[in-house]
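User: Please take a close look at one short strand of this model, and then explain the wider setting of helix, core and pocket in the same structure. A connected account suitable for a first-year student would be welcome.

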Amino acid sequence: MYIRTATMADLDKVAQVEAECFLPAEAATKEAFVGRLQFYGDHFWLLFEDESEAKLIGFVDGFVTNEADLTDEMYERAEMHDAKGAWQMIFGLNTLPAYRCKGYAGILVEQVIKAAQEQGRKGVVLTCKDKLVHYYAKFGFKDEGISSSTHGNVVWHQMRLVF
């Protein structure tokens with residue numbers, strides 16, 4: 001496996017993986033990824049099968065902010081990224097269906113945690129569906145209850161890992 005941060009050249013591959021991983025109401029659009037890659041490509045980690053980069057099997061992304069809670073506005077406004085912010089947000093963790101339940105998503109979560117620690121952040125914040133609360137708890141995230149986010153007309157739990 002091979003992990004690196006994203007560039008605009010990865011746009012089509014990222015959009016394709018997103019479309020395979022999320023329902024249309026929850027998925028980020030290709031246009032949204034243009035902004036995300038432009039403003040915080042270095043907080044967008046791609047996981048490939050190997051160093052040839054022939055097959056993107058998953059990715060995780062999210063910007064950095066001083067805001068403590070993840071809001072719906074953040075998904076659409078990549079320019080809100082603050083490189084000196086205290087909190088690393090996670091907007092999406094994607095693994096292609098054929099590669100799920102093999103530990104790849106965990107590798108990406110650990111990559112975000114490691115990078116946030118190395119950069120001196122206070123911690124990492126994400127939202128997830130009820131069925132994934134236990135998954136993120138394995139990494140030390142604490143469930144803070146139902147998020148104010150209604151992204152995709154879904155009920156989300158906000159989870160936080162403090163260093």
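Analyst: A strand is here a DSSP run of E with at least two residues, and strands are numbered from the N terminus. The model is a predicted one. Strand 4 consists of residues 64-65, and Thr-65 belongs to it. Thr-65 counts as buried because its relative accessible area is 5%, and the limit for a buried residue is under 20%. Leaving aside residues up to four places away in sequence, Thr-65 is in contact with Met-74, Asp-82, Gly-85, Ala-86, Trp-87 and Met-89.

The wider setting may begin with helix 1, which spans residues 11-21. Its buried residues are Leu-11, Val-14, Ala-15, Val-17, Glu-18 and Cys-21. These lie on the same side of helix 1, because they cover an arc of only 165° around the axis. The general rule behind such a pattern is that an α-helix has 3.6 residues a turn, so residues three or four places apart point the same way. On the face turned away from the buried side, helix 1 carries the exposed residues Gln-16 and Ala-19. The cover over the buried residues of helix 1 includes helix 2 (30-40), strand 2 (44-48), strand 3 (56-61) and strand 6 (92-95).

The nonpolar interior comes next. The largest nonpolar core contains 52 residues, and Phe-33, Phe-44, Leu-46, Phe-91, Leu-93, Tyr-136 and Phe-141 have the most contacts inside it. Helix 4 (residues 104-118) gives the most to this core, namely eight residues. Phe-141 can serve as an example: apart from residues up to four places away in sequence, it touches Val-109, Ile-113, Val-124, Leu-126, Tyr-136, Met-159, Arg-160 and Leu-161.

Two of the core residues just named, Leu-93 and Tyr-136, also appear in the account of the largest pocket. This pocket has a volume of about 900 Å³. Its lining comprises 38 residues, and Phe-22, Leu-93, Asn-94, Leu-132 and Tyr-136 lie nearest its centre. Among the elements giving two or more residues to the lining are helix 1, helix 2 and helix 4. Strand 6 gives the most, with four residues. By character, the lining divides into 20 nonpolar, nine polar and nine charged residues.

Finally, two loop residues deserve notice. Most residues other than glycine have a negative phi. Glu-53, in the loop between strand 2 and strand 3, has a positive phi of about 60°. Cys-101, in the loop between strand 6 and helix 4, likewise has a positive phi, near 65°. Cys-101 is exposed, with a relative accessible area of 87%.

Definitions and conventions: Residues numbered from 1 in each chain as written. Predicted model: local features only at pLDDT ≥ 70, side-chain atom pairs only at ≥ 80, totals over all residues. Heavy atoms only, no water. Buried < 20%, exposed > 50% of the residue type's maximum accessible area, 1.4 Å probe, protein only. Arc of directions from axis to C-beta. Contact = heavy atoms within 4.5 Å. Core = buried A, V, L, I, M, F, W, Y, C linked by side-chain atoms within 4.5 Å. 1 Å grid on protein atoms, 1.4 Å probe; cavity = no way out; pocket = protein on both sides within 12 Å on 5 of 7 lines; lining within 4 Å. Points joined across faces, edges and corners; volume = space filled by probe spheres on them. Nonpolar A, V, L, I, M, F, W, Y, C, P; charged D, E, K, R; others polar.
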